[in-house]
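Me: I would like to go through this structure one question at a time. Please give the reasoning before each result.

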Amino acid sequence: MRRASSAGRSSTGGGRAPRQRGEQSEQLGFEGMPERLFVCTPSKLGAYADCPRRYRYSYVDRPAPQKGPPWAHNSLGASVHTALKNWYALSPERRRPEALAALLKGTWVREGYRDDEQERAAYRRALGWLESYVETLEPGVDPLGVERVVAVKTAVLAFNGRADRIDSRPGPDGPELVIVDYKTGRTGLDADDARGSQALALYAYAAERVFRRPCRRVELHHLPTGTVAAHEHTVESLARQLTRAEETARDIMAAERAVADGEDPDEAFPTTPGPRCGWCDYRRTCPVGAQAPGKEPWAAVERVTEPVPGQD
(Lines give C-alpha, C1' and ligand atoms only; values in the text may rest on other atoms or scores of the structure.)
Protein backbone atom coordinates (compact mmCIF):
# COMPACT_ATOMS: atom_id res chain seq x y z
CA MET A 1 0.00 0.00 0.00
CA ARG A 2 1.32 3.46 -0.92
CA ARG A 3 2.21 5.74 1.99
CA ALA A 4 -0.29 8.57 2.54
CA SER A 5 2.52 11.12 2.81
CA SER A 6 3.52 10.48 -0.80
CA ALA A 7 0.06 10.78 -2.31
CA GLY A 8 0.54 14.38 -3.39
CA ARG A 9 4.28 14.29 -4.07
CA SER A 10 5.21 15.83 -7.42
CA SER A 11 7.07 13.71 -9.95
CA THR A 12 8.71 16.81 -11.46
CA GLY A 13 11.32 19.17 -10.17
CA GLY A 14 14.20 16.74 -10.02
CA GLY A 15 12.26 13.85 -8.44
CA ARG A 16 13.12 10.29 -9.40
CA ALA A 17 11.20 8.57 -12.18
CA PRO A 18 8.46 6.21 -10.99
CA ARG A 19 9.73 2.73 -10.28
CA GLN A 20 8.49 0.13 -12.73
CA ARG A 21 6.63 -2.94 -11.52
CA GLY A 22 9.07 -5.76 -10.92
CA GLU A 23 12.00 -3.38 -10.43
CA GLN A 24 11.53 -3.33 -6.66
CA SER A 25 11.48 -7.11 -6.43
CA GLU A 26 14.68 -7.35 -8.42
CA GLN A 27 16.41 -4.65 -6.36
CA LEU A 28 15.36 -6.28 -3.10
CA GLY A 29 16.82 -9.56 -4.25
CA PHE A 30 13.62 -11.61 -4.18
CA GLU A 31 14.78 -13.67 -7.14
CA GLY A 32 16.71 -16.70 -6.10
CA MET A 33 15.09 -16.93 -2.67
CA PRO A 34 14.37 -20.53 -1.63
CA GLU A 35 10.92 -21.78 -2.49
CA ARG A 36 8.57 -22.11 0.47
CA LEU A 37 8.29 -25.52 2.00
CA PHE A 38 5.10 -27.44 1.47
CA VAL A 39 3.51 -28.10 4.86
CA CYS A 40 1.82 -31.47 4.76
CA THR A 41 0.52 -34.55 6.51
CA PRO A 42 0.08 -38.05 5.04
CA SER A 43 -3.64 -37.42 4.55
CA LYS A 44 -2.95 -34.18 2.67
CA LEU A 45 -0.56 -35.87 0.27
CA GLY A 46 -2.88 -38.84 -0.06
CA ALA A 47 -5.85 -36.67 -0.93
CA TYR A 48 -4.05 -35.22 -3.94
CA ALA A 49 -2.66 -38.58 -5.04
CA ASP A 50 -6.17 -40.06 -4.92
CA CYS A 51 -7.89 -37.15 -6.67
CA PRO A 52 -6.62 -33.58 -7.19
CA ARG A 53 -10.21 -32.29 -7.18
CA ARG A 54 -10.83 -33.74 -3.73
CA TYR A 55 -7.61 -32.08 -2.56
CA ARG A 56 -8.85 -28.75 -3.89
CA TYR A 57 -12.20 -29.07 -2.14
CA SER A 58 -10.46 -29.98 1.13
CA TYR A 59 -7.49 -27.59 1.20
CA VAL A 60 -7.81 -24.87 -1.43
CA ASP A 61 -11.40 -23.69 -1.83
CA ARG A 62 -12.54 -21.29 0.86
CA PRO A 63 -15.12 -21.61 2.07
CA ALA A 64 -14.78 -25.34 1.53
CA PRO A 65 -17.76 -27.10 -0.03
CA GLN A 66 -20.09 -28.84 2.37
CA LYS A 67 -19.20 -32.45 3.05
CA GLY A 68 -21.62 -35.32 2.89
CA PRO A 69 -22.83 -37.12 6.02
CA PRO A 70 -20.29 -38.73 8.37
CA TRP A 71 -19.13 -42.26 7.60
CA ALA A 72 -19.80 -45.00 10.11
CA HIS A 73 -16.50 -46.76 9.31
CA ASN A 74 -14.62 -43.57 10.23
CA SER A 75 -16.53 -43.42 13.51
CA LEU A 76 -15.69 -47.05 14.20
CA GLY A 77 -12.01 -46.59 13.41
CA ALA A 78 -11.73 -43.44 15.52
CA SER A 79 -13.41 -45.16 18.48
CA VAL A 80 -11.03 -48.13 18.38
CA HIS A 81 -7.93 -45.97 17.93
CA THR A 82 -8.83 -43.74 20.88
CA ALA A 83 -9.62 -46.74 23.08
CA LEU A 84 -6.15 -48.15 22.39
CA LYS A 85 -4.55 -44.80 23.10
CA ASN A 86 -6.35 -44.66 26.45
CA TRP A 87 -5.39 -48.27 27.15
CA TYR A 88 -1.74 -47.23 27.20
CA ALA A 89 -2.61 -44.25 29.40
CA LEU A 90 -3.61 -46.67 32.14
CA SER A 91 -1.05 -47.81 34.68
CA PRO A 92 0.39 -51.23 33.71
CA GLU A 93 -1.46 -53.10 36.45
CA ARG A 94 -4.80 -51.78 35.10
CA ARG A 95 -4.16 -52.83 31.50
CA ARG A 96 -6.47 -55.79 31.56
CA PRO A 97 -9.11 -56.90 29.02
CA GLU A 98 -11.86 -56.09 31.53
CA ALA A 99 -11.00 -52.39 31.25
CA LEU A 100 -11.73 -52.24 27.54
CA ALA A 101 -15.53 -52.04 27.67
CA ALA A 102 -15.41 -48.81 29.66
CA LEU A 103 -12.62 -47.41 27.49
CA LEU A 104 -14.47 -48.13 24.26
CA LYS A 105 -17.78 -46.85 25.59
CA GLY A 106 -16.10 -43.65 26.72
CA THR A 107 -14.61 -43.00 23.28
CA TRP A 108 -17.47 -44.33 21.15
CA VAL A 109 -18.43 -42.15 18.16
CA ARG A 110 -22.07 -42.71 17.16
CA GLU A 111 -22.22 -40.90 13.81
CA GLY A 112 -23.02 -42.55 10.50
CA TYR A 113 -24.66 -45.81 11.56
CA ARG A 114 -27.84 -46.99 9.89
CA ASP A 115 -29.67 -47.54 13.17
CA ASP A 116 -29.19 -48.51 16.80
CA GLU A 117 -29.05 -52.19 15.96
CA GLN A 118 -26.15 -51.75 13.55
CA GLU A 119 -24.37 -49.49 16.00
CA ARG A 120 -24.69 -52.03 18.83
CA ALA A 121 -23.39 -54.78 16.54
CA ALA A 122 -20.42 -52.61 15.61
CA TYR A 123 -19.69 -51.90 19.26
CA ARG A 124 -19.76 -55.57 20.20
CA ARG A 125 -17.54 -56.50 17.30
CA ALA A 126 -15.06 -53.71 18.08
CA LEU A 127 -14.88 -54.75 21.71
CA GLY A 128 -14.09 -58.29 20.60
CA TRP A 129 -11.32 -57.02 18.35
CA LEU A 130 -9.80 -55.04 21.19
CA GLU A 131 -10.01 -57.88 23.70
CA SER A 132 -8.28 -60.25 21.29
CA TYR A 133 -5.66 -57.67 20.35
CA VAL A 134 -4.59 -56.70 23.87
CA GLU A 135 -4.00 -60.38 24.63
CA THR A 136 -1.03 -60.09 22.24
CA LEU A 137 0.40 -57.09 24.11
CA GLU A 138 2.65 -57.02 27.16
CA PRO A 139 0.83 -54.80 29.70
CA GLY A 140 4.04 -53.71 31.38
CA VAL A 141 5.79 -52.60 28.18
CA ASP A 142 5.25 -48.98 27.19
CA PRO A 143 5.77 -47.95 23.57
CA LEU A 144 8.13 -45.11 22.84
CA GLY A 145 5.18 -43.15 21.53
CA VAL A 146 1.39 -43.47 21.35
CA GLU A 147 -0.43 -41.14 18.96
CA ARG A 148 2.97 -39.48 18.68
CA VAL A 149 3.53 -36.57 16.32
CA VAL A 150 6.77 -36.76 14.35
CA ALA A 151 7.99 -34.04 12.03
CA VAL A 152 10.81 -33.48 9.59
CA LYS A 153 11.86 -30.93 6.98
CA THR A 154 13.42 -31.62 3.60
CA ALA A 155 14.32 -29.30 0.75
CA VAL A 156 10.65 -29.43 -0.33
CA LEU A 157 8.51 -30.65 2.58
CA ALA A 158 7.69 -29.60 6.11
CA PHE A 159 6.12 -32.93 7.06
CA ASN A 160 4.31 -33.81 10.24
CA GLY A 161 2.16 -36.80 11.10
CA ARG A 162 0.69 -38.64 14.06
CA ALA A 163 1.79 -42.28 14.29
CA ASP A 164 -0.58 -44.67 16.06
CA ARG A 165 2.30 -46.28 17.90
CA ILE A 166 6.08 -46.23 17.85
CA ASP A 167 7.73 -49.25 19.45
CA SER A 168 11.33 -49.59 20.54
CA ARG A 169 12.55 -53.15 19.99
CA PRO A 170 15.95 -54.82 20.27
CA GLY A 171 17.98 -54.87 17.07
CA PRO A 172 21.33 -56.38 16.09
CA ASP A 173 23.10 -53.11 16.83
CA GLY A 174 20.91 -51.76 19.61
CA PRO A 175 17.34 -50.48 19.97
CA GLU A 176 15.40 -49.94 16.75
CA LEU A 177 12.08 -48.21 16.18
CA VAL A 178 9.01 -49.79 14.61
CA ILE A 179 6.01 -47.89 13.24
CA VAL A 180 2.69 -49.56 14.11
CA ASP A 181 -0.52 -48.55 12.34
CA TYR A 182 -3.89 -49.92 13.46
CA LYS A 183 -6.39 -50.95 10.78
CA THR A 184 -10.08 -51.69 11.25
CA GLY A 185 -11.23 -51.71 7.63
CA ARG A 186 -10.77 -53.97 4.66
CA THR A 187 -9.29 -57.42 5.00
CA GLY A 188 -6.50 -58.97 2.97
CA LEU A 189 -3.71 -56.61 3.98
CA ASP A 190 -0.29 -58.08 3.23
CA ALA A 191 3.37 -57.15 3.08
CA ASP A 192 2.84 -55.30 -0.20
CA ASP A 193 0.39 -52.96 1.53
CA ALA A 194 2.95 -52.22 4.24
CA ARG A 195 5.72 -51.78 1.67
CA GLY A 196 3.68 -49.46 -0.52
CA SER A 197 2.31 -47.24 2.25
CA GLN A 198 3.79 -43.80 1.79
CA ALA A 199 2.41 -42.69 5.16
CA LEU A 200 4.24 -45.44 7.05
CA ALA A 201 7.47 -44.73 5.20
CA LEU A 202 7.27 -41.03 6.01
CA TYR A 203 6.55 -41.80 9.67
CA ALA A 204 9.62 -44.05 9.73
CA TYR A 205 11.80 -41.43 8.02
CA ALA A 206 10.67 -38.73 10.45
CA ALA A 207 10.86 -40.92 13.57
CA GLU A 208 14.43 -41.92 12.78
CA ARG A 209 15.43 -38.27 12.74
CA VAL A 210 13.37 -37.21 15.74
CA PHE A 211 14.61 -40.00 18.03
CA ARG A 212 18.01 -40.56 16.37
CA ARG A 213 17.51 -44.31 16.21
CA PRO A 214 17.14 -46.59 13.18
CA CYS A 215 13.52 -46.98 12.06
CA ARG A 216 13.01 -49.27 9.10
CA ARG A 217 10.25 -51.70 10.08
CA VAL A 218 6.61 -50.72 9.52
CA GLU A 219 3.59 -52.81 10.52
CA LEU A 220 -0.13 -52.79 9.74
CA HIS A 221 -2.06 -54.37 12.62
CA HIS A 222 -5.47 -55.46 11.32
CA LEU A 223 -7.63 -55.80 14.41
CA PRO A 224 -10.63 -57.57 12.84
CA THR A 225 -8.47 -60.54 11.76
CA GLY A 226 -5.62 -60.26 14.26
CA THR A 227 -3.07 -60.26 11.44
CA VAL A 228 0.09 -58.18 11.03
CA ALA A 229 1.41 -57.09 7.64
CA ALA A 230 5.02 -55.91 7.91
CA HIS A 231 7.84 -54.61 5.74
CA GLU A 232 11.51 -53.90 6.40
CA HIS A 233 12.53 -50.74 4.60
CA THR A 234 16.04 -49.87 3.53
CA VAL A 235 17.63 -46.45 3.36
CA GLU A 236 17.03 -46.57 -0.39
CA SER A 237 13.35 -47.55 -0.19
CA LEU A 238 12.62 -44.80 2.34
CA ALA A 239 14.38 -42.34 0.05
CA ARG A 240 12.20 -43.44 -2.87
CA GLN A 241 9.05 -42.88 -0.86
CA LEU A 242 10.31 -39.49 0.22
CA THR A 243 11.04 -38.56 -3.40
CA ARG A 244 7.51 -39.57 -4.36
CA ALA A 245 6.11 -37.35 -1.62
CA GLU A 246 8.24 -34.41 -2.76
CA GLU A 247 7.10 -34.88 -6.36
CA THR A 248 3.48 -34.82 -5.21
CA ALA A 249 4.17 -31.66 -3.21
CA ARG A 250 5.69 -29.96 -6.26
CA ASP A 251 2.64 -30.89 -8.33
CA ILE A 252 0.34 -29.44 -5.68
CA MET A 253 2.28 -26.20 -5.42
CA ALA A 254 2.33 -25.85 -9.22
CA ALA A 255 -1.45 -26.32 -9.35
CA GLU A 256 -1.99 -23.78 -6.58
CA ARG A 257 0.22 -21.25 -8.39
CA ALA A 258 -1.69 -21.84 -11.61
CA VAL A 259 -4.98 -21.03 -9.88
CA ALA A 260 -3.46 -17.92 -8.30
CA ASP A 261 -2.34 -16.84 -11.79
CA GLY A 262 -5.86 -17.15 -13.14
CA GLU A 263 -6.11 -20.71 -14.46
CA ASP A 264 -9.48 -22.44 -14.18
CA PRO A 265 -9.40 -24.39 -10.88
CA ASP A 266 -11.17 -27.30 -12.56
CA GLU A 267 -8.29 -27.54 -15.03
CA ALA A 268 -5.57 -27.15 -12.39
CA PHE A 269 -7.19 -29.72 -10.10
CA PRO A 270 -8.83 -32.33 -12.36
CA THR A 271 -11.02 -35.16 -11.14
CA THR A 272 -9.69 -38.71 -11.06
CA PRO A 273 -12.89 -40.74 -11.49
CA GLY A 274 -13.03 -44.25 -10.11
CA PRO A 275 -14.50 -46.45 -7.38
CA ARG A 276 -13.46 -43.94 -4.71
CA CYS A 277 -16.00 -41.43 -6.05
CA GLY A 278 -18.82 -43.31 -4.35
CA TRP A 279 -17.08 -42.84 -1.00
CA CYS A 280 -15.97 -39.22 -1.47
CA ASP A 281 -17.07 -36.56 1.01
CA TYR A 282 -17.54 -34.15 -1.89
CA ARG A 283 -19.35 -36.42 -4.35
CA ARG A 284 -22.40 -34.15 -4.44
CA THR A 285 -20.28 -31.09 -5.19
CA CYS A 286 -18.11 -32.65 -7.89
CA PRO A 287 -19.82 -32.82 -11.33
CA VAL A 288 -17.94 -35.99 -12.23
CA GLY A 289 -18.30 -37.63 -8.83
CA ALA A 290 -22.01 -36.91 -8.74
CA GLN A 291 -22.45 -39.30 -11.66
CA ALA A 292 -21.10 -42.21 -9.61
CA PRO A 293 -23.50 -44.22 -7.42
CA GLY A 294 -23.15 -43.00 -3.87
CA LYS A 295 -22.43 -45.34 -0.97
CA GLU A 296 -24.57 -45.30 2.14
CA PRO A 297 -22.72 -43.92 5.18
CA TRP A 298 -22.95 -47.28 6.93
CA ALA A 299 -22.12 -49.54 3.96
CA ALA A 300 -18.51 -50.30 4.90
CA VAL A 301 -19.43 -51.18 8.47
CA GLU A 302 -21.79 -53.91 7.28
CA ARG A 303 -18.78 -55.73 5.85
CA VAL A 304 -16.39 -55.39 8.77
CA THR A 305 -19.00 -56.30 11.39
CA GLU A 306 -20.10 -59.50 9.71
CA PRO A 307 -19.15 -62.60 11.74
CA VAL A 308 -15.65 -63.80 10.99
CA PRO A 309 -15.50 -67.58 10.40
CA GLY A 310 -14.10 -69.38 13.43
CA GLN A 311 -14.69 -66.49 15.84
CA ASP A 312 -18.32 -67.20 16.78
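Me: Is R95 buried or exposed?
Reply: This is a predicted model, and the values are computed from it. A residue counts as buried when its relative accessible area is under 20%. R95 has a relative accessibility of 4%, so R95 is buried.

Me: Which residue forms a salt bridge with R95?
Reply: The pair links distant parts of the chain, 47 residues apart. R95 lies in the loop between α4 and α5, and its partner lies in the loop between α6 and β2. The closest N and O atoms are 2.5 Å apart, and the partner of R95 is D142.

Me: Is D142 buried, partly exposed or exposed?
Reply: Partly exposed covers the range between the buried limit of 20% and the exposed limit of 50%. The relative accessibility of D142 is 48%, so D142 is partly exposed.

Me: Which residue of helix α9 is in a salt bridge with R36?
Reply: R36 sits in the loop between α1 and β1, and its partner in α9 is 220 residues away. R36 is exposed, at 51% relative accessible area, whereas the partner is partly exposed, at 21%. The N to O distance is 3.4 Å, and the partner is E256.

Me: What length does helix α9 reach from its first C-alpha to its last?
Reply: Helix α9 covers residues 235–260, which makes 26 residues. At 1.5 Å a residue, 38 Å is expected. The span in the model is close to that, at 37 Å.

Me: Which element gives the most residues to the largest nonpolar core?
Reply: This core has 40 residues, and F38, L157, I166, I179 and A207 have the most contacts inside it. Several elements supply at least two residues each, among them β3, β4 and α9. The most, nine residues, come from α8.

Me: How many residues does the second core have?
Reply: The second core is separate from the largest one. Its members include L90, L103, L130 and L223. Its size is 27 residues.

Me: Which residue meets E119 in a salt bridge?
Reply: E119 is buried, at 10% relative accessibility. Its partner is exposed, at 54%. The side chains meet at 2.8 Å, N to O, and the partner is R110.

Me: How many salt bridges does a search of the whole structure find?
Reply: Some salt bridges share partners, and these join R165, D167, R169, R217, E219 and E232 into one network. The pair of R36 and E256 is another salt bridge in the model. The search of the whole structure finds 20.

Terms used: Residues numbered from 1 in each chain as written. Predicted model: local features only at pLDDT ≥ 70, side-chain atom pairs only at ≥ 80, totals over all residues. Heavy atoms only, no water. Helix = DSSP H or I, 4+ residues; strand = E, 2+ residues; numbered from the N terminus. Expected span 1.5 Å × (residues − 1). Core = buried A, V, L, I, M, F, W, Y, C linked by side-chain atoms within 4.5 Å. Buried < 20%, exposed > 50% of the residue type's maximum accessible area, 1.4 Å probe, protein only. Salt bridge = Lys/Arg side-chain N within 4 Å of Asp/Glu carboxyl O.
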